[in-house]
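Open the model in your viewer and keep the selection panel at hand. The tour moves stop by stop.

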Amino acid sequence: MEKEVQYFLECAHKCTAAGLLSCSSGNLSLRCKGQDNKDCALLSATGSWLGELQEDQVALCRISDGTSLNGVHPTMEAGFHLGTMRKRPEVGCVLHFQSPYATVVACMKDKPADFNVTLEGPLYVGREVPVVPFLPPGSPELAAAVVEALTAHDIVLMSNHGQVACGPDFPATFRRALFFEMACRIIVLSRGNYTTV
């Protein structure tokens, strides 16, 4: 498990280095095999900063019921991390991030219907990005709404909150988040004067 935790820390720090996170915003989960060789996940601890994450701030939880197996309390958003992994067995990584431009878009009154401003958009982001209305962070209602939105999509906007991306592993999820941030940057800097592909 030590190797998996070290990799988790590397992934968390990489998200911050890439500019996907601000302050204590954002949390990460990676599917893994637990001590009993059953489906588990590593999650960043509640209140932790991904850019400064340490070993004692990584929770090992059972995906089936969310129980922490190492005594570390997972992120308050564990509900949509583990819920997505339960609903989609192929998902190995869930990343909640609040990158600068994508968060601006999440706070817009009139959000874009199409984020495919570059050729890579449909490949990495998908044709549609569902929008979840503002719901209290960490609430069962938010978790349910995000899980439902991610059932048929790989990225979702949470109004006035941030974004969630998922994928088979960290590299795929990380790339998706980066391409989504790039699309949002183009949309914001164009001040609405953009075309889609």
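## Stop 1: where helix α6 begins

Select D169 and A172. At the start of α6, a side-chain oxygen of D169 comes to within 3.0 Å of the backbone nitrogen of A172. Bear in mind from here on that this is a predicted model.

Now extend the selection to residues 170-190. That is α6, with 21 residues. From first C-alpha to last, α6 reaches 30 Å, close to the 30 Å expected at 1.5 Å a residue.

Which residues of α6 are buried? Colour these: F170, A172, T173, F174, R176, A177, F180, E181, A183, C184 and I187. The list includes R176 and E181 as well as F170 and F174.

Step past the end of the helix. R191 follows α6, and its phi is positive, near 55 degrees.

## Stop 2: aromatic pairs on α6

Show the aromatic side chains. The model has 3 aromatic pairs. One of them joins Y124 and F179, stacked at 4.1 Å centre to centre with 15 degrees between the planes. This pair links distant parts of the chain: Y124 sits in helix α4 (residues 121-124) and F179 in α6, 55 residues apart. Y124 counts as partly exposed, at 23% relative accessibility.

Next, select F170 and F174. They form a stacked pair too, at 5.3 Å centre to centre and 25 degrees between the planes. Both lie in α6, 4 residues apart, about one turn of the helix. F170 is buried, with a relative accessible area of 5%. F174 is buried as well, at 8%.

## Stop 3: salt bridges

Stay on α6 and pick R176. Its side chain meets that of D154 in a salt bridge, 3.6 Å from N to O. Again the pair links distant parts of the chain: R176 is in α6, while D154 is in the loop between α5 (140-149) and β6 (155-158), 22 residues away.

Is each partner buried or partly exposed? R176 counts as buried, at 12% relative accessibility. D154 is partly exposed, with a relative accessible area of 23%. The cut-off for buried is under 20%, so R176 falls within it and D154 does not.

Add R88 and E90 to the selection. Together with D154 and R176 they are linked in a network of salt bridges.

How many salt bridges are there in the model? The count is 6. Two more to visit:

- Select D39 and R31. Their side chains meet in a salt bridge at 2.5 Å, N to O. D39 is partly exposed, at 36% relative accessibility.
- Select D65 and R62. Their side chains meet at 3.0 Å, N to O. D65 is partly exposed, with a relative accessible area of 44%. R62 is partly exposed too, at 26%.

## Stop 4: strands β2 and β3

Select residues 39-44 for β2 and 58-62 for β3. The two strands pair in the antiparallel sense over 5 bridges. Look for L43: its bridge partner in β3 is A59. Strand β3 is mostly covered, with 4 of its 5 residues buried.

## Stop 5: two cysteines without a bond

Select C32 and C40. How many disulfides does the structure hold? The count is 0. The closest cysteine sulfur to that of C32 is in C40, 5.7 Å away, which is too far for a bond. The cut-off for a disulfide is 2.5 Å between sulfur atoms, so this pair does not qualify. From the other side, C40 is in no disulfide, and its nearest cysteine sulfur is that of C32.

Check accessibility here. C32 is buried, with a relative accessible area of 10%. C40 counts as buried at 0%.

## Stop 6: G26, then back to the start

Select G26. This residue is in the loop between α1 (2-17) and β1 (27-33). G26 is buried, with a relative accessible area of 8%.

Finish with a distance. Draw it from the C-alpha of G26 to the C-alpha of A172. The two residues are 146 apart in sequence and 17 Å apart in space. A172 brings you back to the opening stop, where its backbone nitrogen takes the contact from D169.

Definitions and conventions
Residues numbered from 1 in each chain as written. Predicted model: local features only at pLDDT ≥ 70, side-chain atom pairs only at ≥ 80, totals over all residues. Heavy atoms only, no water. Expected span 1.5 Å × (residues − 1). Buried < 20%, exposed > 50% of the residue type's maximum accessible area, 1.4 Å probe, protein only. Polar contact = N/O pair within 3.5 Å; in protein donor to acceptor, adjacent residues only side chain to side chain. Salt bridge = Lys/Arg side-chain N within 4 Å of Asp/Glu carboxyl O. Pairing = 2+ DSSP bridges. Phe/Tyr/Trp six-rings, centres within 6.5 Å; stacked < 30°, edge-to-face > 60°.
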